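Open the model in your viewer and keep the selection panel at hand. Each stop below says what to pick and what is there.

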Amino acid sequence: MSNAAMWIALIVFSLLLVYLGYLGNRSTSNTMEDFVLGSRKLNKLPAFFTVTATLFSAFSYFGITGQFYTNGIGAWIQVATTAAVGPIIYFAGTRIWLVARRYGLVNITEYLSDRYASRAVGLVAGLIVIVALVPYMGAQFRGSGLTLEAVTEGGIPYWAGAVFLAVVVTLYVMSGGFRSVVWTDVVQGAMMYVLLAVAMLILVFTQTGGFTELMDTVGEQSELLSNPGGDGLFSLQYLVSVLVIFAAAHFTMPQLQQRWMAARSHSTLKFIAISLPVGTALVYICCFYIAMVGVATRPGFPNPESIYPAMIMEVLPQWLLLLAILAIIAATGSTANSIVLTLSSIVAKEHVRPVMERRGSTGAALDRSLTLTTRVMLPLLVGGGLLVAFFGPQSIIGIIVAITWPAVFLIFPTLLAGLYWRRATAAGAVVSMVVSEVLFISLDQGWLPVPLGGWHPAMLAAVVGVLLLVVVSLATRPPAREHVDRHFALFEEPATTGARS
Amino acid sequence: MHRTIALILGVLLAALMVYPWPEHTPEPIILGVIPAPLFAWIVWVAAFIAYVAWICYRWDPYAAIVQRFVDEQAGRSGGQEVQR
């Protein structure tokens with residue numbers, strides 16, 4: 001592909017995103033609630049696109065296609081995890097939606113600090129998500145750099161592709177915060193769905209003659225088309241582990257949490273719970289057929305995760321390839337933008353606010369200062385992501401990206417206990433998170449040689465975390481009853497609430 | 001009653017997901033385009049979405065709490081904002 005065409009497409013695309021950022025800026029005020037959550041006015045359709053665009057990075061659908069190619073239809077388990085998060089969004093999500101609205105909370109760590117009446121809980125949770133998500137964001141910039149370098153055969157160097165995405169994301173997120181993120185996600189999400197579907201149809205019909213012919217060809221390798229899948233990967237333990245870990249992690253992931261908190265109404269929250277698996281299923285169906293085209297036409301492909309970009313580069317006409325590449329860049333951008341906004345708000349609320357409060361800043365002035373801090377933190381965190389993309393050894397980035405979701409999953413027991421168990425204490429929460437994370441990393445890296453019998457190491461770590469949360473909570477003093485009532489009175493009958501107060 | 005039904009249905013659906021049927025055969029290929037196991041999993045997702053919709057719209061155990069909160073917020077803000 002010619003460099004000039006790619007650069008022109010990138011510039012036009014980035015101008016569109018920055019313009020959407022500018023539109024977001026026009027209706028954004030200098031309050032945290034507005035900059036970080038769009039004043040909690042997220043409607044249904046934008047919610048669908050921003051949630052799914054945030055969830056799926058380019059790596060996701062490269063990885064999904066690669067897994068279908070290698071292991072067959074067992075990869076569908078991930079669609080089940082997004083369906084299984086539905087009841088969690090309804091029950092736990094409604095609680096956090098109400099509490100966050102009542103007390104003006106804008107992210108998960110602020111909720112945890114408030115609920116447990118302890119800065120330590122928010123700090124530990126914040127540290128875990130920052131360590132897990134900055135490399136995850138860096139991986140998006142790396143993806144942009146590698147993709148553009150590959151399709152232009154080095155015409156756009158790796159560093160330019162990575163910096164391009166980082167600068168564009170920073171510009172539009174700084175400009176309009178959450179509103180800009182949502183509107184660019186609508187465009188980027190729509191591109192992702194449409195171009196993935198178009199690419200799938202073109203690949204199926206030009207490479208194999210149609211769906212029936214494709215199934216006839218692949219049917220000879222029946223293991224890939226049979227439940228639970230090939231290579232013995234999808235054992236019962238694996239399927240249960242993935243179902244539990246990812247359903248809980250989808251709910252806990254801080255950038256997705258902000259979308260539950262930002263829902264305009266309870267009806268929007270319910271819509272998200274129902275529409276999320278629909279969007280996921282659409283992506284997975286496309287990836288399944290794309291992978292099967294790969295199986296039929298390119299057996300033994302050395303790097304299955306590259307099968308999708310490799311095929312579209314050979315098959316799509318240039319103008320459509322250009323759009324497909326933009327869709328890949330859009331998918332990386334729509335994941336990075338949400339992460340950086342969420343992390344900035346966490347740093348402002350958990351790390352900067354206490355300092356400002358000690359200096360006597362309060363009320364609207366404090367809120368304005370925190371909004372400014374969130375804006376200033378955006379390029380700094382993006383810079384951190386770029387450093388990871390340039391200097392992080394690929395093996396280490398690979399490990400961190402692989403453990404991001406399980407690491408966030410291990411915050412889930414603390415979050416759930418905060419929402420449902422009055423007796424949960426800050427000491428229990430901190431011990432649970434720290435010990436389960438350390439145990440998980442030790443098991444995952446093989447530093448602790450414990451036979452797991454096919455279970456994911458995060459499952460054992462979570463069991464230990466829950467036990468510690470219960471035992472330490474029962475052994476320590478809970479926050480004052482009046483404080484805990486702030487969180488639970490909302491969910492009790494008015495008569496009961498009156499009796500308590 | 002609703003709680004018991006929701007629990008039983010949830011456990012049943014989760015079990016069907018992790019112990020998928022039919023196993024170890026791609027046959028039949030439904031309409032020549034979808035292998036039976038994938039079709040079964042698509043039906044599973046549709047069933048689970050129906051289950052979540054039943055929780056959200058038919059049972060809706062948080063309806064009264066949300067309504068009370070919305071009324072309270074509307075009272076505070078002079079009858080504006082906050083939709084259910």
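The tour goes from the chain interface to a pocket and then to the cavities. Keep in mind that this is a predicted model.

**Stop 1: the interface**

Color by chain and select the contact between chain A and chain B. Chain A puts in 51 residues and chain B puts in 45 residues. Together the two chains bury about 4000 Å², with 71% of it on carbon and sulfur atoms.

Now look for charge pairs. The interface has two salt bridges by the rule. For one of them, select A:Arg102 and B:Glu72: their side chains meet at 2.2 Å, N to O. Nine residue pairs are in polar contact across the interface, both at pLDDT 80 or more.

Next, hide chain B and view the side of chain A that touches it. Helices H5 (77-103), H9 (211-218), H10 (222-225), H11 (236-252) and H13 (266-297) of chain A each give two or more residues to this side. Which element gives the largest share? H5(A) does, with 15 residues. Color by class: this side of chain A has 33 nonpolar, 10 polar and eight charged residues.

**Stop 2: the second largest pocket**

Bring chain B back. The second largest pocket holds about 900 Å³ of space. To find its centre, select A:Pro87, A:Ile88, A:Phe91, B:Leu7 and B:Tyr51, the closest to it of 32 lining residues.

Then show the helices of the lining. From chain A, H5, H11, H18 (412-420) and H20 (457-475) each supply at least two residues. From chain B, H1 (2-18) and H2 (36-59) each do so too. The lining counts 29 nonpolar residues, one polar and two charged.

**Stop 3: the largest cavity**

How many cavities of 30 Å³ or more does the structure hold? Two. The largest cavity has about 40 Å³ of space. Select its lining: A:Phe13, A:Ser14, A:Leu17, A:Phe164, A:Leu165, A:Val168, A:Gln188, A:Ile329 and A:Ala330. H8(A) provides the largest share, four residues. No lining residue is charged; seven are nonpolar and two polar.

**Stop 4: the second largest cavity**

Finish with about 30 Å³ of space in the second largest cavity. Its lining is A:Arg95, A:Val99, A:Tyr111, A:Gly418, A:Leu419, A:His487, A:Phe488 and A:Phe491. H5, H18 and H21 (481-488) of chain A each supply at least two of the lining residues. By class, five are nonpolar, two polar and one charged.

Terms used: Residues numbered from 1 in each chain as written. Chains lettered and ligands numbered in written order. Predicted model: local features only at pLDDT ≥ 70, side-chain atom pairs only at ≥ 80, totals over all residues. Heavy atoms only, no water. Contact = heavy atoms within 4.5 Å. Buried area = accessible area lost by both parts, 1.4 Å probe. Salt bridge = Lys/Arg side-chain N within 4 Å of Asp/Glu carboxyl O. Polar contact = N/O pair within 3.5 Å; in protein donor to acceptor, adjacent residues only side chain to side chain. Nonpolar A, V, L, I, M, F, W, Y, C, P; charged D, E, K, R; others polar. 1 Å grid on protein atoms, 1.4 Å probe; cavity = no way out; pocket = protein on both sides within 12 Å on 5 of 7 lines; lining within 4 Å. Points joined across faces, edges and corners; volume = space filled by probe spheres on them.
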